[in-house]
Structures are given as C-alpha cells and as structure tokens.
Amino acid sequence: MSSLIITGGVPLSGEVKVQGSKNAALPLLAASLLIKGTTILEHCPDISDVACMLDILKAVGCTVLREEETIIIDAQILKQTSVSRKEAEKMRSSISLLGALLGRASQARIPLPGGCSIGKRPVDIHLAALRSLGAEIEEKEELYARLKKCESKEIRFPYPSVGAVQNVILASVVSEAVVVMKNCAREPEVEELCTFLNQAGANIQGGGTDTIIVYGVKELREIRYTIRSDRIAAGTFLAMAAATKGSVTIQGINPFELSAVTEVFAKIGCHVKLYTDAICLEAYKGIRGIPFLKTMPYPGFPTDMQSQVISTLICAKGNSVIRETVFENRFGAAIELQKIKADIRINKRDQLVVIHGRDKRCLCPAVLQAPDLRGGAALVIAALIVEGTSTIKHMEYVERGYENISGVIHTLGGICCRENEI
Ligand code: EPZ
C-alpha cells in the first residue's frame, strides 16, 4: 500500500504538461489486437491500468515493448483468446478485450468484470449489443463468447455507455457487416478510438456523435499513433490551483474536451483563459460555491471530475449542491472529507451532496483513505488546501490513472512525499 503525505495551505502555481489519456489508451491497447502486425502508441501514460492491459496483451501472445512514453505492440500471432482472472480483476476495462478478441479471433473467454467502489458496473448493455450482432455469450463466472460472423444491424443503446459503444466498434470494425449505432456515448475517448481505427484503415463514420456507423473492412494496417492528453488529469490539475487560490497553465490539452469543466471553474470565480492547446486558470481572489451542478454523459459535466470539484468547493464562499447521475456510489471522497471537518452533507437517496464552504482555518489535517481513483485525487486536492500535514492512504488507486501526481504537486510548488508501506 502506498501513501502520500501532504503539507497543505500553500497556493499552487506553475505550468504542467498532461500525461496521455488513460481512458483513451486502454481501448486503443485492446484495439491493437485487431492489427495483425505492429501498433506503435506514443504519449501512452505510465500508469498501473496500462501496465495491467500490457500484461494481458502479452498473456494472449503479443510482444510488448515500452520505450519511455512509447509502447510497441506486435499482435501478429495470438496464442490464446482467454484472459485470466488474475490479470482481469486488477482493472475493469478488461471488458473491452471482449469486443477486440471477438473481432480478431471470433471467440473470447473473459472473467466477468467485478464491480468497484463507485458502482456495480454491470455489463448488460455490452452483452445485449454484442448478442444483437450475432454473438453467443454464456455468462458464468466468466464470459464465454463466440461470434462466427458479425451481422449487419441497427443498435439503439438504452444508455450511452462508453465501454459498450467501444466494444461494439471493436467487434465489428474488421468484418463484412454494416453496424449502425444510435444513442451512442459522445465522449472524446469514443471519438479517439474511431479516429485511431480509421487511421489504421477502418471505415467508421460519426465518432463523437450519438450516431456511429461502422462499415466493416477486411483488415487493418499497422499504425503509429499519438494518444491525446488526459482531459480528466488536466481537470484535476486545474482543480488543484482553483482550490488553493493559485494559478496553473496546462499545456498540450484541447480545451474543447474540457469545456463543461472550465465553465464550472469560471462560474465559481476562477479566471480561465483558453488557447488552442492550453488552458490557464487563476484563482488568487478565491472562489464561490455553485448553486447546482449535476454530472452527465459527455458533453455534460463529467462524473470523473465530480469528486475533485467537491474537494475544490469545501472552502468556497457560500454553498454548493452537486448531484451524481452516472454512478450509484461515487461519494466515497465526500465521506472522507468529513474527517478534515469539511461541512458536507450526503443525501444518498437523491444522490446529492450539499457543501457549506468554510474558512480553511476551520479545517484540520487528517489521515484519509482513498476510496477509488478519482476520489483519491479529490483527497489530494483537499489535503493541499488544509494547513498542516495530512496523509492519504491507498494511493495505489490514484496511481491507476495518474502518472506522477506527486511530481505535478512539486512542479506547482506544493509539498508532499510518497511513502510505501509494506
Ligand atoms: C468509462 O467507464 C470510463 N472508464 C469511466 O472512467 C467513466 O466514468 C465512464 O466511462 C463514464 O464516462 C474507462 O474509459 C476505462 P459507462 P465505462 O459504460 O465505460 C452503466 C475513471 O475514473 N452501465 O459509460 O464503464 C454503468 O453502471 C473511470 O477513469 C450499465 O448499466 O462507463 C454506469 O452507471 C471511472 N450497463 C453508466 O452506465 C452496462 O452494460 C456509465 O457507464 C454498462 C454501463
């Protein structure tokens, strides 16, 4: 278990470059199985979820090499189409291997991905959509799936599930089928998967819109691709500056992908300037509460920034109300923040939190337990606000998605150190 010891109370200021996107890298790594040759992914984040996915690719027969931020995968020959529980249970996104293995080898055996602390995380939408393409899927402890021939179909998703849309794309992109998908997730990570595959010779129209059409092709060609920056990591670093009355410039990010987030920071009183590939935020005068904010599928306010904004608002002037509409159990950080005497009320039934902003001198440092990846990042933000030394335990959750959060804190003038506990 690893911990991060933070001495807070210092405004964070400086310039940071953002890591490659975790939620783009994972489906692209799965998609590399569809290319019978070499895939080179640049700007790939060095995080434990990616390491896990690379272990799975090696286990099915790929050769994998990492050279700094570049990953080279050779998927010429696969030796098996089943993923072990040991590997799969380390992260949820192993479900995206279902579509990729069906697309490459017409069969797959994947452990049923467990839920996690933010919710049950069912895969019913994935399975229903894949079955409508003609897949036979047996659900036991594991998923046993076969897709002899992908059928042309029109699919309307009951909910715009990011992973389910990605799985259908992966299962149908190399086929003779035409698959029309409606009510698709519009997240940038869905659009980026379509862009990546099209650059490898696919024919997918409408990526990033609610209607995607996959015109199956015979095969994909080798590709070198640079992964875009992580919009949630960027939003997290913006929150660090907003929360501590500092200022930050985020380099190498497309501000358009974060517009719902930058709008919120502007609403709470930050000065936000957008450039073609950078975002500047300044909050020297402090921030105010937000009367109501709810998380929504893209382009709405992202659920992956909900915990970080709650932390940002604990010392805002006035009250804030935040509603979570995507996951059913994503207030782990809000519960922990009560330990530093933040005035936060949680209404589980309505999936709401009410925050009464307090002067930071009313808060006190504490030992906090990261509940999940983004909840852990939220506790880091809160510890940066509070004067004194706080400890955040289970930073291994945070390291699943953030390449070097302590390094970013140091770059921005913050004080922290990592501690590995046996
Ligand atoms: C992706 O998860 C992201 N993960 C999540 O980021 C993100 O929060 C989520 O999309 C929403 O934007 C990756 O990309 C690896 P969903 P995914 O399917 O695809 C329900 C992070 O912190 N649902 O859009 O699993 C589901 O329970 C992670 O980086 C079903 O009911 O999300 C949830 O309530 C956390 N049945 C909602 O839909 C299904 O078959 C959204 O899930 C699938 C989903």
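This section describes the overall dimensions, one helix and the cysteines of a predicted model.

The fold of the protein comprises 14 helices and 23 strands. For its 422 residues the globule rule gives a radius of gyration of 22 Å, and the value computed for the protein is 21 Å, close to that figure, so the protein is as compact as a globular protein of that length. Along the principal axes, the C-alpha atoms occupy a box of roughly 65 × 45 × 40 Å. Of the 422 residues, 57% are buried. Contacts that link distant parts of the chain were also examined: among those between residues at least 6 apart in sequence, 72% join residues at least 24 apart.

The surface was characterised by its area and by the placement of charges. The protein exposes about 16600 Å², of which carbon and sulfur atoms supply 52%. The protein carries 49 positive and 46 negative charges, and the mean positions of these two sets lie 4 Å apart.

Helix α4, spanning residues 96–105, is mostly covered, with nine of its ten residues buried. The buried residues begin with Ser96, Leu97 and Leu98, continue through Gly99, Ala100, Leu101 and Leu102, and end with Gly103 and Arg104. Their packing partners include both helices and strands. On the helical side, the buried residues of α4 pack against α1 (22–31), α2 (48–59), α5 (124–132) and α6 (162–172). The strands against which they pack are β6 (107–111) and β8 (142–146). Just after α4, the backbone at Ser106 adopts a positive phi of about 60°.

The cysteines were then examined for covalent pairing. A disulfide is a covalent bond between the sulfur atoms of two cysteines. The structure contains zero disulfides. For Cys315, the closest cysteine sulfur belongs to Cys362 and lies 8.1 Å away; no bond is formed because this separation is too far, the cut-off being within 2.5 Å. Cys364 likewise takes part in no disulfide, and the nearest cysteine sulfur, again that of Cys362, is 10.0 Å away. With regard to solvent accessibility, Cys315 is partly exposed, its relative accessible area being 21%. Cys364 is also partly exposed, with a relative accessible area of 26%.

Methods: Residues are numbered from 1 along each chain as its sequence is written. This is a predicted model: local features need pLDDT of at least 70, side-chain atom pairs count only at pLDDT 80 or more; totals for chains, interfaces and linings use all residues. Side-chain values use heavy atoms; hydrogens and water are left out. Helices (H or I, at least four residues) and strands (E, at least two) are DSSP runs, numbered from the N terminus. The radius of gyration is taken over C-alpha atoms; the globule rule is 2.2 Å times the number of residues to the power 0.38. Buried means under 20% relative accessible area, exposed over 50%, partly exposed in between (1.4 Å probe, protein chains only). Contact means heavy atoms within 4.5 Å. Accessible areas come from the Shrake-Rupley method with a 1.4 Å probe; for residues, only the protein chains shown count as cover. Lys and Arg count as positive and Asp and Glu as negative; His and the chain ends are not counted. The place of a charge is taken as NZ of Lys, CZ of Arg, CG of Asp or CD of Glu.
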